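Dear colleague,

I am handing over the structure below, and after it I set out what was found. Please read the notes with the coordinates open beside you.

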Amino acid sequence: FLLIGATTLLAMVAPVLVRQRVTTERLKINNEVAGFTFAIVGVLYAVLLAFAVIVVWEKFNEAEHAAAQEAGAAATLYRLANGIGGDPGIALRDSLTGYLRAAVQEDWPAMEQSKFSHKATRALDATYAALLTFTPSDGRATALLNEALRQLDSISEARHTRIVLASGAVPSVLWVVLYAGAVATIGYTLFFGTENLRVQALMTGILALLIFSTLLVIVAVDHPYAGPVRLQPEALFALLEEFAAKSQP
C-alpha cells in the first residue's frame with residue numbers, strides 16, 4: 001500500500017501543486033527540450049529496472065534450485081546409508097535426520113533475518129563425522145563411501161548457497177539508485193505542460209504505478225526466504241516424513 005498506493009497518489013497530486021505555482025504557458029516552453037531529455041532518462045532508468053528484476057529473479061531461481069538440490073542429495077545419502085549398514089549406517093541416518101530437522105526448524109527461520117543456525121551447522125558436522133566412521137573393506141565399499149561423501153558435499157554446498165542468497169541480491173547502493181531514479185523519472189514529468197491537467201495527472205500516476213509496481217516485485221523477490229514471496233522447506237518436510245515412515249517397524 002505504501003510503496004504503490006501512496007506514491008501513485010502523491011505523483012498524481014504533484015502536477016496539480018506545480019500548476020498552482022507555475023502557469024501552463026511557462027511549462028509549455030519546456031515541452032520540446034524536456035521531452036528529448038525525458039526519453040533519455042526514461043530509457044536509462046528502464047534498463048536499470050530491468051537489470052535489477054533479472055538479477056533478483058535469477059537469484060530467486062538459484063535459491064529454489066539450491067533447496068531442491070539439498071533435498072535430493074539428502075534423499076540419495078539416506079538410501080546410500082542402507083548399503084553401509086551396521087552402526088555407521090544407523091549413525092549416518094540418525095545424524096542426517098537430525099540435520100534436516102535442524103535445517104527446517106532453525107535454519108529457515110534464521111534465514112528470514114539473513115542469518116544461519118549454528119545448531120544446523122553442528123548437525124551437518126555430526127553427519128560428516130558419522131559417515132567418516134565407516135571404514136571400507138573392499139572396492140565396492142570404497143565406491144559407496146566416495147559417492148556418499150559426494151552427496152554430503154552437495155548438501156553442504158546447497159546449504160551454503162541458500163545462506164548466502166538469504167541476505168538478498170541487490171546491494172544497498174543499487175537500492176539508493178533505484179529509488180532516486182524513480183523520483184527523478186517521475187519528477188521529470190512535472191516539467192511538461194498540457195492543457196488538460198487531469199490527463200497529465202493521470203499519465204504521471206500511471207507512470208508511478210508501473211515504476212513502483214516493478215520496485216515492489218524487486219523488494220518481494222530480493223530475499224527468497226523472507227517477505228511475502230518466500231521459499232518454504234517443503235521438500236525437506238517431505239523427506240522427514242519419508243524418513244519417519246521408513247523408520248517405523
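To begin with a single residue, is Thr 76 buried, partly exposed or exposed? With a relative accessible area of 31%, Thr 76 is partly exposed, since a residue counts as buried only under 20% and as exposed only over 50%. Please bear in mind throughout that this is a predicted model. Thr 76 is found in helix 3, which covers residues 31-84, and its C-alpha atom is separated by 16 Å from that of Phe 237, a residue 161 places away along the chain.

Thr 76 also appears in the surroundings of Gln 151, a residue of helix 6. Leaving aside neighbours within four places in sequence, Gln 151 is in contact with Ala 73, Thr 76, Leu 77 and Leu 80. The relative accessible area of Gln 151 is 11%, so this residue counts as buried.

Helix 6 (residues 139-165) packs in turn with helix 4 (residues 86-111), at an angle of about 10 degrees and with the two axes 12 Å apart. Because angles under 35 degrees count as roughly parallel, helix 4 is described as roughly parallel to helix 6. On the side of helix 4 the contact is made by Leu 96, Tyr 99, Ala 103, Asp 107, Trp 108 and Met 111, and on the side of helix 6 by Ile 155, Arg 159, Arg 162 and Ile 163. By class, the residues of this contact divide into 7 nonpolar and 3 charged, with no polar residue among them.

After helix 4 the chain enters the loop that leads to helix 5 (118-132), and Ser 114 lies in this loop. Ser 114 deserves a look in your viewer, as it has a positive phi of about 60 degrees although it is not a glycine. At 35% relative accessibility, Ser 114 counts as partly exposed.

Next come the aromatic residues, which form 4 aromatic pairs in the structure; I describe two of them here. In one, the rings of Trp 108 and Tyr 225 have their centres 5.5 Å apart and their planes at 90 degrees, so the pair is edge-to-face. Trp 108 belongs to helix 4, whereas Tyr 225 sits in the loop between helix 8 (197-222) and helix 9 (234-247), so the pair ties together parts that are 117 residues apart in sequence. Both of these residues, Trp 108 and Tyr 225, are buried.

In the other, the rings of Trp 175 and Tyr 179 have centres 5.8 Å apart and planes at 25 degrees, so this pair is stacked. Trp 175 and Tyr 179 both lie in helix 7 (residues 172-188), 4 residues apart, which is about one turn of the helix. Trp 175 counts as buried, at 17% relative accessibility, while Tyr 179 is partly exposed, with a relative accessible area of 33%.

Trp 175 and Tyr 179 also take part in the packing of helix 7 with helix 8, where the angle is about 170 degrees and the axes are 10 Å apart. Since angles over 145 degrees count as roughly antiparallel, helix 7 and helix 8 are roughly antiparallel to each other. From helix 7, the residues Trp 175, Leu 178, Tyr 179, Ala 182, Thr 185 and Ile 186 meet a set in helix 8 that includes Thr 204, Leu 207, Ile 211, Phe 212 and Asp 222. The residues of this contact divide into 12 nonpolar, 2 polar and 1 charged.

One of the helix 8 residues, Ile 211, can be followed further. Ile 211 counts as buried at 6% relative accessibility, and, not counting residues up to four places away in sequence, it touches Tyr 45, Leu 49, Ala 182, Thr 185 and Ile 186. Between the C-alpha atoms of Ile 211 and Asn 82 the distance is 55 Å, and the two residues are 129 apart in sequence.

Finally, what do the buried residues of helix 1 pack against? They pack against helix 2 (24-28), helix 7 and helix 8, and they are Thr 8, Ala 11, Ala 14, Pro 15 and Arg 19. As for the length of helix 1 (residues 2-21), its 20 residues should span 28 Å at 1.5 Å a residue, and its end C-alpha atoms are 27 Å apart, which agrees.

With best regards

Terms used: Residues are numbered from 1 along each chain as its sequence is written. This is a predicted model: local features need pLDDT of at least 70, side-chain atom pairs count only at pLDDT 80 or more; totals for chains, interfaces and linings use all residues. Side-chain values use heavy atoms; hydrogens and water are left out. Axes are lines fitted to C-alpha atoms, for helices over the stretch in contact, and angles run from 0 to 180 degrees between N-to-C directions. Helices (H or I, at least four residues) and strands (E, at least two) are DSSP runs, numbered from the N terminus. Angles under 35 degrees count as roughly parallel, over 145 as roughly antiparallel, 65 to 115 as roughly perpendicular and the rest as oblique. Contact means heavy atoms within 4.5 Å. Ala, Val, Leu, Ile, Met, Phe, Trp, Tyr, Cys and Pro count as nonpolar, Asp, Glu, Lys and Arg as charged, and the others, Gly among them, as polar. Rings of Phe, Tyr and Trp (its six-membered ring) pair if their centres lie within 6.5 Å; planes under 30 degrees apart count as stacked, over 60 as edge-to-face and the rest as tilted. Buried means under 20% relative accessible area, exposed over 50%, partly exposed in between (1.4 Å probe, protein chains only). The expected span of a helix is 1.5 Å times one less than its number of residues.
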